[in-house]
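Q: Could we go through this structure together? I would like to start with the DNA and then turn to how the helices pack.

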There are 2 protein chains.
Amino acid sequence: MTELSTMKDGVANQAEASDRVLQILAEAGRLFASKGFEGTSMRDIALACGISKSLLYHHFSNKDEIYARVAVGSTLELYLFVRDRIPDGPPSQKIRAFMVATAEYFRRYRWAWIASTTAFWNDPDRSRHKERLTRRDRFENFLRGLIQEAIDAGEIRKVDVPMTGRLILSSLNWMHRWYNPNKSATPEQIADVFFDMIFNGLRSGELVEFPGAEPSKVGRRKSR
Amino acid sequence: MTELSTMKDGVANQAEASDRVLQILAEAGRLFASKGFEGTSMRDIALACGISKSLLYHHFSNKDEIYARVAVGSTLELYLFVRDRIPDGPPSQKIRAFMVATAEYFRRYRWAWIASTTAFWNDPDRSRHKERLTRRDRFENFLRGLIQEAIDAGEIRKVDVPMTGRLILSSLNWMHRWYNPNKSATPEQIADVFFDMIFNGLRSGELVEFPGAEPSKVGRRKSR
DNA sequence: GTTTTCACCGACCGATCGGTCAAGCCCGGC
DNA sequence: GCCGGGCTTGACCGATCGGTCGGTGAAAAC
């Protein structure tokens with residue numbers, strides 16, 4: 001994880017940034033996460049940092065650049081971060097490690113994560129976060145590769161790979177909406193529980209048939 | 001579903017509203033969904049409706065009220081909508097019906113749904129959507145009841161009920177971030193696939209042991 | 001000792017924000 | 001004819017938005 005040695009203060013991959021820049025990015029990320037991009041003014045950021053608004057424009061050209069540094073910075077090394085935490089072993093274990101590592105990243109860089117996944121995600125001006133999108137695509141494709149690997153190894157059944165990836169990422173990406181850091185469970189523990197549920201399923205071991213039930217796939221495994 | 005007979009134009013439960021009010025709510029919901037609350041100005045809404053900004057204030061007292069009507073209106077009948085679509089039968093089928101019905105609601109009132117689940121969700125001024133939150137709590141508690149029912153019936157194993165509810169809701173609530181209505185699968189079909197994955201699990205029928213793997217819960221079912 | 005550099009600030013800009021207001025338009029009842 | 005009231009408007013308000021400007025003071029470079 002040498003690529004990640006530049007992370008500090010919850011702001012990822014801002015290598016040769018001064019302390020002041022890091023402070024601005026940290027405060028801006030926290031504000032963007034809690035009030036959104038449009039809901040956060042440059043005055044808010046300056047006030048949170050205890051500096052003048054002009055100083056923001058000394059270090060950044062405009063508001064978009066601050067957001068880009070927060071958002072892209074937070075997803076910049078997500079792929080590398082996760083990839084470096086995938087162990088050798090059965091593919092199912094790799095998927096589990098993928099989920100746990102993503103949760104760890106979320107825990108570490110929570111404000112930047114939230115800011116980048118919520119603020120004006122569907123802005124018509126795609127250029128503002130196009131780079132971030134391609135990085136997330138690479139991240140998602142990596143997961144799909146792991147899923148295909150598990151299918152090829154016979155560890156998981158022949159499910160729809162993109163859909164499976166979406167299910168796994170949904171469980172992780174929605175976490176910031178209900179996760180409370182003051183509660184006991186860590187994001188990594190939560191990811192572990194979700195992996196268990198998704199991989200092993202909720203169903204009890206003994207299959208019970210319901211002849212009267214409407215057509216569905218519930219009893220499907222028996223017919224495979 | 002008599003409670004839902006007042007739904008029109010993708011705007012839920014606006015019973016005695018005039019056409020103009022329904023138009024405003026529909027356009028406002030679409031704008032809130034695509035640009036967020038702060039990113040949508042009253043001028044934007046008026047322009048989208050082809051009316052003057054003053055007219056908005058004739059029908060609504062302020063911007064917050066428009067958002068409240070959109071957001072609360074969209075979650076107002078979600079609980080009833082879903083509840084009325086739960087069939088008699090095994091609890092697992094009820095959970096599946098819960099997911100499919102929620103997906104149908106999402107498909108029908110997509111813009112209002114997105115607006116209410118994304119715009120300033122963590123605003124410090126909770127009063128703006130407190131009512132909406134209590135309604136969603138009732139909705140989530142209803143799901144937890146179904147899960148507990150399925151556990152009591154022995155259909156699903158003894159999982160953590162709140163966590164299971166979060167997993168199920170995550171798969172549904174994150175859908176708006178990637179769902180493309182031009183693609184083939186409907187939200188209901190997607191919900192059905194997710195239910196299958198979560199209920200039956202991804203794992204293939206035959207359990208394979210990996211003695212060299214690091215400690216985890218992958219092979220756990222065998223030990224139960 | 002002088003000059004250059006750089007982090008930093010207060011005052012200010014035009015534009016846009018949410019919101020107000022007095023006045024017109026339209027149309028059925030008298 | 002005209003009158004009352006709901007629908008609708010454009011002009012306007014103070015506040016705040018993102019962003020710019022000239023300048024300050026202290027340390028570094030010469």
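Q: How far is the polar side-chain atom of His59(A) from a phosphate oxygen of DNA strand C?
A: In this predicted model, a polar side-chain atom of His59(A) lies 3.4 Å from a phosphate oxygen of DNA strand C.

Q: And what about His58(A), how far is its side chain from a phosphate oxygen of that strand?
A: An N or O atom in the side chain of His58(A) is 2.4 Å from a phosphate oxygen of DNA strand C.

Q: Which partner does a polar side-chain atom of Ser41(B) have on DNA strand C?
A: The partner is a phosphate oxygen of DNA strand C, and the distance to the polar side-chain atom of Ser41(B) is 3.4 Å.

Q: How many residues surround DNA strand C, and which are the closest?
A: The strand is surrounded by 16 residues. The closest are Ser54(A) and His58(A) from chain A, with Met42(B), Lys53(B) and Lys63(B) from chain B.

Q: Which elements supply at least two residues each there?
A: In chain A it is α3 (53–59), and in chain B both α2 (42–49) and α3 (53–59) do so. With four residues, α3(A) gives the most to the surface near DNA strand C.

Q: How do the residues of that surface divide by class?
A: There are eight polar, four nonpolar and four charged residues in the surface near DNA strand C.

Q: What share of the strand's atoms within 4 Å of the protein belongs to sugar or phosphate?
A: For DNA strand C, 47% of those atoms belong to sugar or phosphate, and the rest belong to bases.

Q: Now the other strand. Which kind of oxygen of DNA strand D is 2.2 Å from the side chain of Lys53(A)?
A: It is a base oxygen of DNA strand D, and its partner is an N or O atom in the side chain of Lys53(A). For Tyr57(A), a side-chain N or O atom is 3.1 Å from a phosphate oxygen of DNA strand D. Ser41(A) also has a polar side-chain atom 3.4 Å from a phosphate oxygen of DNA strand D.

Q: Which elements give two or more residues to the surface near DNA strand D?
A: They are α2 (42–49) and α3 of chain A, together with α3 of chain B. Here α3(B) gives the most, with four residues.

Q: Which residues are closest to DNA strand D, and how many surround the strand?
A: Again 16 residues surround the strand, and the closest are Met42(A), Lys53(A), Lys63(A), Ser52(B) and Ser54(B). By class, the surface near DNA strand D has four charged, four nonpolar and eight polar residues. Of the atoms of DNA strand D within 4 Å of the protein, 44% belong to sugar or phosphate and the rest to bases.

Q: Let us move to the helices. At what angle do α1(B) and α2(B) cross?
A: Helix α1 (residues 19–35) of chain B and α2(B) have axes that come within 9 Å and cross at roughly 125 degrees. The two helices are therefore oblique to each other, and their crossing is right-handed.

Q: Which residues of α2(B) meet α1(B)?
A: Asp44(B), Ile45(B), Ala48(B) and Cys49(B) do, and their partners in α1(B) include Ile24(B), Leu31(B) and Phe32(B). This contact comprises seven nonpolar, five charged and one polar residue.

Q: In chain A, how do α1(A) and α7(A) cross?
A: The axes of helix α1 (residues 19–35) and helix α7 (residues 110–118) of chain A come within 8 Å and cross at roughly 50 degrees. That makes α1(A) oblique to α7(A), and the crossing is left-handed. Gly29(A), Arg30(A), Phe32(A) and Ala33(A) of α1(A) make the contact with Trp111(A), Ile114(A) and Ala115(A) of α7(A). Five of the contact residues are nonpolar, one is polar and one is charged.

Q: Last one: what is the angle between α6(A) and α9(A)?
A: The axes of helix α6 (residues 91–108) and helix α9 (residues 161–173) of chain A cross at roughly 25 degrees and come within 10 Å. That makes α6(A) roughly parallel to α9(A), in a right-handed crossing.

Q: Which residues meet there?
A: Ile95(A), Phe98(A), Met99(A) and Thr102(A) in α6(A) meet Ile168(A), Leu169(A), Ser171(A) and Leu172(A) in α9(A). The contact has six nonpolar residues, two polar and no charged ones.

Key:
Residues numbered from 1 in each chain as written. Chains lettered and ligands numbered in written order. Predicted model: local features only at pLDDT ≥ 70, side-chain atom pairs only at ≥ 80, totals over all residues. Heavy atoms only, no water. Near = heavy atom within 4 Å. Polar contact = N/O pair within 3.5 Å; in protein donor to acceptor, adjacent residues only side chain to side chain. Nonpolar A, V, L, I, M, F, W, Y, C, P; charged D, E, K, R; others polar. Axes fitted to C-alpha atoms, helices over the stretch in contact; angles between N-to-C directions. Parallel < 35°, antiparallel > 145°, perpendicular 65-115°, else oblique. Left-handed = near helix turned anticlockwise from the far one by under 90°. Contact = heavy atoms within 4.5 Å.
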